[in-house]
Amino acid sequence: MTDKLGNVADILIEALPYIQRLDNKTVVIKYGGNAMVDEELKSSFAQDIVLLKQVGVNPVIVHGGGPQIGNLLKKIGKESIFVEGMRVTDQETMDVVQMVLGGLVNKEIVSLINSHGGRAVGLTGKDGGLINARRLELSSNKNKQASEIIDLGHVGEVDSIDPSVVKMLDSGDFIPVIAPIGVGKDGASYNINADLVAGKMAAVLGAEKLLLLTNTSGVLDTDGKLLTGLNAQMTEQLIAEGVIYGGMLPKVNCALDAVKSGVKTSHIIDGRVKHSVLLELLTNRGVGTLIRG
């Protein structure tokens, strides 16, 4: 019994210097993947966020919801069409996106955090002029002489961020939970990749850390071994050598952009692990890949 209590004390003492370093610092967390659909992982994520806020950290959550959007579109008989991994979003699809991201998913996350004693507030990028967007233009090289602009509809990218509403919530001990929907100068709504929104949000807020939850262990070498403690130069070399490729590439580029924009460190972590956020931020070992500038 005494040994077990000693182990608990050791864990708490191990966390102490990390808590001290993160006091009153902002941590932006992109929440998605298995951590967002598995009930046990959802609960552990919410507990992690509440504990961080309780010890003086300012967590800002940006969430996705692609599978949930796909499921609702399927229920109403609308086919999901993807081009280079991005969902073609006409007005009807955009209505579903706003319903799912800004309504169902966002409010579920808010309720879950609040049920564990937090004070979460749900937002979309349209609230308080938070995310100004522009239409994403994707070009396709049909031949060597000409390229064609592919119309993805209401798919956007971040034009600018006004963090006033997020800073106000942080200062009032609330936890912002943000759906990645922006508004253009034309007044139209745009669906934006949640990783990109999280990275831009971290840069604008001057965040200490950006965390991207994934369904993998992190960045792996050619032998499948987890890589961590990378700097920007090392990471770019791994990309050039083809070690980092495929679906991991956009996440790594997002992490790189963040540290180059002033975020101290970016972390690509395994959201399939219970309490992965706390394990990455408050322990010596961590559960993912750390990238610094």
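Okay, let's start with one pair of residues: Ser-266 sits across from Ile-291 of β16. Keep in mind that what we're looking at is a predicted model. That pair belongs to a longer match, where β15, residues 265-270, and β16, residues 288-292, run antiparallel and share five bridges.

So where do those two strands sit? They're part of an open, eight-stranded sheet with mixed pairing, and its order reads β5-β10-β2-β1-β13-β15-β16-β14. At the edges you'll find β5 (120-124) and β14 (230-231); each has a single partner strand, so one side of each has no neighbour in the sheet.

Now let's go to β1, residues 26-31. How many of its residues are buried? Six of six, so this strand is mostly covered. In a regular strand, remember, side chains alternate between the two faces of the sheet. Here, Thr-26, Val-28 and Lys-30 are on one side of β1, Val-27, Ile-29 and Tyr-31 are on the other, and they're all buried, leaving both faces covered. And yes, that list includes a lysine, Lys-30. Its bridge partner in β2 is Val-62. β1 pairs with β2, residues 58-63, in parallel, through six bridges.

Val-28 from that strand turns up again in the largest nonpolar core. That core has 41 residues, and the ones touching the most other members are Val-28, Leu-130, Ile-178, Met-201 and Leu-210. There's another core apart from it, with 39 residues, including Val-50, Ala-179, Leu-281 and Leu-282.

Take a look at Ile-178. Leaving out residues up to four places away in sequence, it touches Val-60, Ile-61, Val-62 and His-63, along with Asn-106, Leu-123, Leu-130, Ile-131, Val-166 and Met-201.

Asn-106 is a nice one to follow from there. It's in helix α4, and it counts as buried because its relative accessibility is 0%, against a cut-off of under 20%. Among its contacts beyond four places in sequence are His-63, Gly-122, Leu-123, Val-177, Ile-178 and Ala-179.

Further along α4, which covers residues 91-115, we get to Ile-113. Is Ile-113 buried or exposed? Buried, with a relative accessible area of 0%. Its contacts, again skipping residues up to four places away, are Ala-46, Ile-49, Val-50, Gly-118, Ala-120, Ile-175 and Val-177. As for Glu-79, it's 34 residues from Ile-113 in sequence, and the two C-alphas are 33 Å apart.

Next, the strands around β9. β6, residues 131-135, runs antiparallel to β9, with five bridges joining them. Within that pair, Ala-133 faces Val-158 of β9. β9 also pairs with β12, this time in parallel and over two bridges, and there Gly-156 is opposite Ile-192 of β12.

Ile-192 takes us to the last topic, the largest pocket. Which residues lie nearest its centre? Gly-85, Ile-192, Asn-193, Ala-194 and Asp-195, out of 39 lining residues. The pocket holds about 1,100 Å³ of space. At least two lining residues come from each of α3 (66-75), β4 (86-87), β9 (155-161), β12 (189-192), α6 (194-205) and α8 (248-260). α8 gives the most, with five. By type, the lining splits into 17 nonpolar, 14 polar and eight charged residues.

That's my tour, thanks, everyone.

Methods
Residues numbered from 1 in each chain as written. Predicted model: local features only at pLDDT ≥ 70, side-chain atom pairs only at ≥ 80, totals over all residues. Heavy atoms only, no water. 1 Å grid on protein atoms, 1.4 Å probe; cavity = no way out; pocket = protein on both sides within 12 Å on 5 of 7 lines; lining within 4 Å. Points joined across faces, edges and corners; volume = space filled by probe spheres on them. Helix = DSSP H or I, 4+ residues; strand = E, 2+ residues; numbered from the N terminus. Nonpolar A, V, L, I, M, F, W, Y, C, P; charged D, E, K, R; others polar. Core = buried A, V, L, I, M, F, W, Y, C linked by side-chain atoms within 4.5 Å. Buried < 20%, exposed > 50% of the residue type's maximum accessible area, 1.4 Å probe, protein only. Contact = heavy atoms within 4.5 Å. Pairing = 2+ DSSP bridges.
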